[in-house]
Every structure is written in C-alpha cells, then in structure tokens.
Amino acid sequence: MTLNAKIPEGRLEDKWRNYQTQSRLINPANKKKLHVIVVGSGLSGAGAAATLAELGYDVQCFCYQDSARRAHSVAAQGGINAAKNYQHDGDSVWRMFYDTLKGGDFRSREANTYRLAELSAPLIDHFTQQGVPFAREYGGVLVNRSFGGVQVQRTFYARGQTGQQLLLAAYSQLYKMVRMKKVSLFTRHEMLDLVLVDGKAKGIIARDLVSGALKRFAADAVVLATGGYSRVFRLSTLAIGCNGSAIWKAHKRGAFFAAPSFTQIHPTALPQSSEAQSKLTLMSESLRNDGRIWVPKQTDDPRAANDIPEEERDYYLERRYPSFGNLAPRDIASRAAKERIDAGFGVGRLKNAVYLDFKHAIERFGINTIQDRYGNLFDMYKKITGIDAYREPMQISPAAHFSMGGLWVDYELMTTIPGLYAVGECNFSDHGANRLGANSLLQASVDGYFILPNTINNYLAAALNKEQVSTDHPAFKQVEVEVKQHIDRILAIQGTKTVDHFHRELGKVMWQECAMSRNRAGLERAIAQIKQIRADFWSDVKVTGHSDELNTELEKALRLADFIELGILMCTDALQREESCGAHFREEFQTPDGEAVRVDDLYAYVSAWEYDQGDFKLHKEVLDFEFVQPSVRSYK
Amino acid sequence: MKVTFKIWRQDKPQAKGAFKEYQVDELTEDMSFLEALDHLNERLVLRGEKVIAYEYDCREGICGQCGVFINGRAHGPHPNITTCQLHMRSFKDGDTIVVEPWRANAFPIVKDLIVDRSAFDRIIEQGAYISAKTGTAPEANAILIGKAIADRAMDAAACIGCGACVATCKNSSAALFTAAKINHLNSLPQGKPEAHQRVLDMTAQMEREGFGHCSFTGACEVECPAGISIANIAEMNARQGKAQLLG
Amino acid sequence: MKVNTLFFRKSIVAATGLFLCLFLIVHLSANCLLLLPEQAARGMYNAYSTWLRENPLIKVVAYALYLSIIVHVVYALLVTIRNRKAKPVSYAVNHTEANSSWASQNMGLIGLSILIFIVIHLANFWARIKLGLGADVGVDAAGNKDVYEVTYALFHNIYFVLFYSLLMIPLGLHLHHGLKSAFKTLGFYHKRGLEVLARISLIYAAVIAAGFGIIPFVVYFK
C-alpha cells in the first residue's frame, strides 16, 4: 500500500484554499442525516464535535472523565501561537511555518505545517470571540510573549492557564450544542474498540465506566481525538487517565501508526522525588522567558543555590546556544539538562534536577512584574515543593510530555482506515520530530475547529443516501464479543502483581532506553524486556472487582495492556530510524560536541507502521521539500 | 510514615455506606495524598479486595476532577488547593485521616468517594457560552478590553469546577461556581448581548438542581483551589437583580 | 417572569433584615435616654414613648416592623428548609471553624434565640403597654404612661438583667454576619466597599449589642 497524503496542488499559500474549493459539499438539510462519533472532549474533540454539530451533523461525543471539562488540554499552561504579527517584530505566516518545520527538524509535511500557521490567526479571533480572557495591554489590545524555539513574540496567553481557558471555551461551546440537542455527550464512557464494516469505520464499542456495560455506537464516520500517549513512560506530565488505547485499537484494526517514537521530553517539569510518584508536574515553559537555567560548576556541590557565587554557576544553555540561550527548543534543553545531570552536576536531593533562577529577572523587572507574569506558577511550585521561588531558584527536571507521533493521517486528517479521522495530539501531522512550545493548543484547536469540519464532508458526501449501518450489524456483535473476551481474560488471570507494578516496570524501560537518548543496543534490549513484561502481565497481573461495575483497577489494566504493545512499537520505530532528529536522539548519530546528526538522504520520511498480527510492517511516506530547503537545525 | 485511613465505602448509589479503617505504612512525606491512596489500593489488590474508588486525572490542580473531604475540610487541611496538591507532609506519623465524599443532594454518590457532579455541566449548558458559531469571529483586536476588565474576567474564569464550594458549603450552594462563570462572560463585551438571559437561565438551573441558598459563610472562597472571591456571588446577585428587572 | 427562589427568598430576608437593623439604631438611640439620671430619664423616656404611640406615621412604621419580623422569620425558615434538603447528609468530621465564622454557620440557631428574646421582650413591654395585658401601667407626673417604671422594675430583677444582657451576644453575632451578608445578597460587590462594609458591620454589631447589653445593668444599679 502506498501512502497518499492527498496534498492539494498549488503554491503553499494556495493549497488549503484550493482544497476547500474542490472539496465536496453537503446540503445543510442532508447533514442532519449523517452521524459522526467523536471520541475525546479535549480541545480538538470538543472543538470538532461542537463545530460539526453547528454545521448540522448529528454528533455523539465521548469522554472517560466525569465531565468534558477535565480533558487534559486543560493543563497546558503557557500559551498558543499565532502569526498575527501584533508585536511588529517581523512575524508572518511563512516565518511561523518555517519555525514549526525547523523546530520539528524537517520531519513533517510542508503543506500541513503551513496550514497550521495559516489558520493560527483566525483561531485567535475565534477564541477571543468565545470569551477567552487573553492577557491584554492597558490600552485593551492583546499581549504576546515569546516561547522556546522562536525569536518573535507570537504567543497569546491567559495567565498560566491558557489551556484551561481554551478548553473551557470549547467545552462551553460543546454544551451549547448539547442544549440544542445536536450533540449527545457520553461522559464516563471509554472507547474500547473500533468497528469496521466493509473496511470503513462505522462505529465503536464503549464501556460505560459506571455500570461496566459494553455499548455499541454506530455512525458514518469516527473521529478520534484522544490525545497523547506519553503515559507509556508512566511518569509524565500527562493526566493519569490519558491513554493510547483508542488509537492503539484503531491501529490494530488497520490504521497506520506514524512516527511512534517521536515523543517530546519537556525540560521544565518538577523532578521525581520518590518511587511511588504517579506524575511529574509541569512548570510552564514560559518560565524560560525570564528564568535562567544553571547548574554548579563543580559536581555534587553541597552548597545551597543562593550560596553559590555567580562565577561558579554554569549557565549551560546560554554557554552552548548563545543566540537562543534559555529559549532553545525543548528537545535541546532537555537533552542538555540530562547531559549535565548524567555528568554529575545535578542538584536537589536526588541530584536529578537543574536550577531555574529568577534572581536576575526580579532584579531587572521587579517582583511585581514577575508575579504578574508567573504568579500562579510560583504559587503552584510552592504548594508542591514548599519552596518560595521568589527567594531561591526552582529545581526542574525533564519529563515525558508530548507525543508528536500518532495515527498517520493525510491532509484531510483521515487515517488509513476510510472514515476514521484523527485530530489533535493523537495524530501525526504537523510537528515532525519535535513540537514547538505553544503549538500544541494551536494544532488541537485548528484540527478540531477549522480543518476537520472542512474535510469530513468530502468523505461523508459519498456516504449520503447509502444504507446506514446499525448497531445490529454482525460486525458490532463480533467486536463486542472480542472486547468482552479481552476483559474477561484480564480478570481471570488473578496473578500476584498489581497493574501499577507492571506500569512502573514498563516506564523504567521506556525512560531508560526510549526517551531523551537512544541507541541500538538499548532499544533491542528494551524490546526484549517489554515483551517479557507483556508475558508477565498476561500471566501474573491481579485485578480485583468485576467487569459489571465501576472498577478503576480494570480501567488501568486495559490501558496498560495497550501501552505495553505500544511501547514495543515505539522502540521498534526508534530502532529503525538511524539518525538523530528533533526529539529522537540516537547516540550513534551525533557530532563530537554532542549535537544531533540528521540523515536526510535516508530518513526524510514519515515512518508509518502497519499492524500485522503482532508484528509491525514499515511503510514510508517520503517527505518532499518543495518550498524550503531542510537546513541543519542550529540554535547556537 | 504510618497512618490510619478512615474511608467512606459505598458500593452503589443506593447502597448504605460505612466508614472502613485501613492501616497504611511505608508512606513517605513526599508522597501526595492521592499517591498514598494509590499505595493503599495496591495493598488492597494484593489482599484480593476491591479497590477504593476515588477520582483524579491531571494531578496538578487544574482539571478539577479530584476532590474529597479530608479530616473535615474540602481538599484537606490547607486553603486554596486541590486534593491532588496535598502532600503527606501535611500529616503526622500515626495520624488518623478521615476521608469522605462530597456531601450534597445535587452531587449523588456514585461509588465510595466518587460523586456525580454533572449538575455543574447542566448549569454550564444553560448559557455559559457566547452563541457565536465557529468561523464568525471578527479580528481579535477589534474588540478592545481594558486590562483591568480582562484581569477580572480571568480571575473569575479560573474556576476548575471541582465542587469544593458546594462540598464545604453548609447549604450545598453552587453560587460560587455559577457566579464565577456568569461574571467571567458578562463582564466581557463579547458576553454582553446575552448577559441577562445567561444569568436567568444559569441561575434557574442552579435552582432546579437542588442546590441551597448562599449564606455568605465564606467557606467556599477559603476552600476554592482557584481562589475565586466570594465577591463574585454578590456581583452575580446584582446581575440577577438587573436581569430580573430588565431582562 | 418566573422569580428565582434562591435569590428571591434571600433578598427578602436581607431586605427585612436591613430594615430591622435600621430600627435597632432608632431603638437604641431612644433607650440611651435610660442612661440619664433618673429624674431626667423618666420624663423624657415616657414623653418619647407617648409620642411614639400617638404618631400616625410611627403606627405605619410599627406595622412594617411587625411584618418585617414575621417575614424575616418565615423566609429564613423557608431558606433553612431548602438548605437542609440540599445537604441531607452531614460530614462525620467537619472543621467549619477553619474556613468560616461560627455565627455565619449558625445564623438559624442564633436567629431562633433572638426570636425567643423578642417574644419575651414583647411580653414584658409591648403586651403590657399597648395591649394592656398583665399588671396596670401607671402614669407619670406629665400624664404619660410610666414606661420608665416598667423598665425600672424589670431591670431590678437580676434574672431579667442577665437575660436581656446575655441575649445581646447572639444579637451581635447575628447582626455582624447579617448586615454585611445582606448587602452582598442584595448585590453590593464593590471590592473596597466590601472591606469597608465588613468594618462597618463589626462596629455596628458591637455598638448595638454593647449598647443594649449595658442598659439593663445601668438601670439595675440606679
């Protein structure tokens, strides 16, 4: 099978318009006859569900949480990028496109990335109109700040809660459509499998997490908006419930999985403090605007941070990357931190952190300005660590954060299964091998609000006036039986170890071998280890309770079973990519001074994996750079 | 460290619940409160017992899904935090920690410590939005909003919907939650066209859901993780009065 | 238009409460006459009460007052009933003292004690003077009903002195929370205004409670 990304003709600037001009339309009266399932209620899911409903489609939306407002988009702190050029600092759609492409180390499609930048400006208009309280100047215009990996100020923000404010806008809009009876919302429902009829996505099997009942839902198209899968590392900045199950089930039913190993390690999380830890809290990257990162120049320095004089501090990012300094992209900042920590310069009780210091910023701007910019982050830091960051530097450490990889989608955001779409973080589309800060909210929103509602009609137009599949179709029954067997199998094991035990084991292997730096031997070892974990899980896990009740342990087990398999694919993908690009750093491919070596001749493609009865078959979507010349990514 | 958890267990909404005591050791001060419960649950699994059901998701204080009554306080002993932000260093070795679900008629218990807060969603449904379709927005800077107004809107918009206000309120009033959302939208120019209807509809739903009256005890603003000021309720009352008269 | 009971009932309680607060100021001001030396106090106090009884405007105000008390109580009761229904199960452990004042948590209970006080207070004065129930009330030198004597006699019973004084504590608590709360219920939300309001409420409650509380003792020691 050859992958056809369906990139429209024309100049970069014209592609999206050309696409829209040629895409098929559906009469408003007919749209209400078409049913769409949206799995996930985050920024992309809620945005898509609300907008599709506004257009007239009949939408069913699902989330595993008690309310759509909990989706993890809520946790994005820093902001959302848009090429508005409000700051008059030379920004443009082209520059934003280029920054994003370069930030992703030239491993994404030009056309998709350009469209992301192109639709960023109207998105800010949209959210402003929806009542998002973006930060303002005294005169009433919107404010911007800068973010890692770029030299212009294009990030819009609502204090340190931008994700929350955007999500709540989307959630409210979703409820507007619920009130108008255009969206049926199923909270506390988790999709457990995808149903195909004649090779097309026609519905899902979901578990009612309260009653435990398995339910069938049919539709003319299915949209997955299920977010990232970095919980595969167990310790991550993600919500505990975030999982890869929906996309993994879709993958096993035929959707190709693209670039699974491209996962971003965020440089500014709080360090792990114990084995029992369940989550690493993110401190917004925006802190790097004013904070300076350093470690002591001597290893195992026993002194308190404030006792270490200026000349004995190593501001290693400023030293290594003078032009970007503390604003170097995430992958670079994370790797540089890991390098210092591994070399013995780490700070904190477990020597697993670096300092993020606001002393100079406070001296320069005054404590009030810093409070205004980051007050809630400083408060949060104090709540968790008990440390006042106005007086002494924060301790930060890298943590698994974002999945650039995900289901392979074409320009229309359709996966390789006809009628199955993936939007937001769960797809692989715009970020390449590394995502720039404040581009995540952007991509999720643009996918859900602007792109999908304009592309899905191209597919659904053909579905119109065809016989619609009902949940009585044998395919639904068969998948439901398979899901039930899968659940029963887990419950029947009654072994000796908890789900969390296996998750910790998986996380350790993944963090060790498939995180910030990777090598052949390690990845091969990891695959063997994960296979062992899989075997142990399926013979020795213990899950108490039943399937026909609210059972949080069973939910965790089902998610972990999929994570384990996904972990194998991630390592497999990292193994095949013999180059270093973006977040994917292969130790064998680096310059003598430790910078990544990208191999464009061999690896300028998107890896897209086909599931083949427990094995994975590699397909390649070659990336043609028609409009820009991939350059060596340098932030020096 | 070692503590005794006294936890409300209730299998089903209609079932009769009861407190059950659990001795838990091997805890450390760095653990979060929820990690201590995780730890307990793992022990329960190994003993073949059903795990305690409690809610959480982001574990960084923003999603609003976690929330239990801990030793007589919503979200535990400290003001303005979520349950997930509470750490075991706030307790002493040997303490008994009483854990109860949110209690409110409008928040029926689902299981153990999990309650159903969908009443909040239904209040939102009644108008916590600006009725503008995707694609109809004017240029963002065409709407000028002074910093003071934007900041005040943001203060109100910070609500995370955890329900601590209802839980701690002796009357289970949802006034703080509802007021925060109304004031966020109604103070912005974008929210003005529907301002009166929004107040009337959202407060009507608040009434239908069976929440109590606001007595201004002020407990809600102390327990609110987002620090929403109780003055918001007074502001909502003013908006309500205006809407009743003019709407 | 349908009225929202959550707002309507509280607004009624607040409005009647504020009216009663206003009344208390007038009441206390007049009672301050009792602090004067006996000769001056008796004449002025009795003259004032006669004027009150005979002024038609005051009659209207008096009916508004009775109505306010009744409406305040009835609506407070309705509010309390709904509140109880909204929280049918209470917590096994609840440290309300950590987040709110005792008075704010117990306005109903405090209100009840004040209601009992009012009933007894009315029986002591209103019933005798206006309804003519119980022992006859004499006439002073100026020909006015000798209300002063009624007061004087009552407050030479130490039990009444203690009752009248101690019950001013719940009154003070009720007023302290009630006054500022009433303004908020009626939609006053100015940020600095609320800070001023909180201070005014405290001063008002303290003055009213201390003023009324001290008078029985002053009279007792006359």
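## Cysteines

Start with A:Cys426: its relative accessibility is 0%, so this residue counts as buried. Keep in mind that this is a predicted model. The closest cysteine sulfur to that of A:Cys426 belongs to A:Cys242 and sits 12 Å away, which is too far for a bond.

Over in chain B, B:Cys169 has 10% relative accessibility and therefore counts as buried, since the cut-off is under 20%. For the sulfur of B:Cys169, the closest cysteine sulfur is in B:Cys214, at 6.7 Å, and that is too far for a bond because a disulfide needs the two sulfurs within 2.5 Å. Counting over all chains, you'll find 0 disulfides in the structure.

## Chain A: build and packing

Chain A carries 18 helices and 20 strands. A compact globule of 636 residues would have a radius of gyration near 26 Å, and the 24 Å of chain A agrees with that. Its C-alpha trace spans about 75 × 60 × 50 Å along the principal axes.

As for the inside, 68% of the 636 residues of chain A count as buried. Take the chain A contacts between residues at least 6 apart in sequence: 74% of them join residues at least 24 apart.

## Chain A: surface and charge

About 20600 Å² of chain A is exposed, with carbon and sulfur atoms supplying 48% of that area. On the charge side, chain A has 78 positive and 76 negative side chains, and the centres of these two sets are 4 Å apart.

## How the chains meet

Of the 2 pairs of chains that touch, A and B share the most contacts. Chains A and C have no contact, and their closest C-alpha atoms are 19 Å apart.

How values were computed
Residues numbered from 1 in each chain as written. Chains lettered and ligands numbered in written order. Predicted model: local features only at pLDDT ≥ 70, side-chain atom pairs only at ≥ 80, totals over all residues. Heavy atoms only, no water. Helix = DSSP H or I, 4+ residues; strand = E, 2+ residues; numbered from the N terminus. Rg over C-alpha atoms; globule rule 2.2 N^0.38 Å. Buried < 20%, exposed > 50% of the residue type's maximum accessible area, 1.4 Å probe, protein only. Contact = heavy atoms within 4.5 Å. Areas by Shrake-Rupley, 256 points an atom, 1.4 Å probe, with all protein chains shown as cover. Lys, Arg positive; Asp, Glu negative; His and termini not counted. Charge placed at Lys NZ, Arg CZ, Asp CG, Glu CD.
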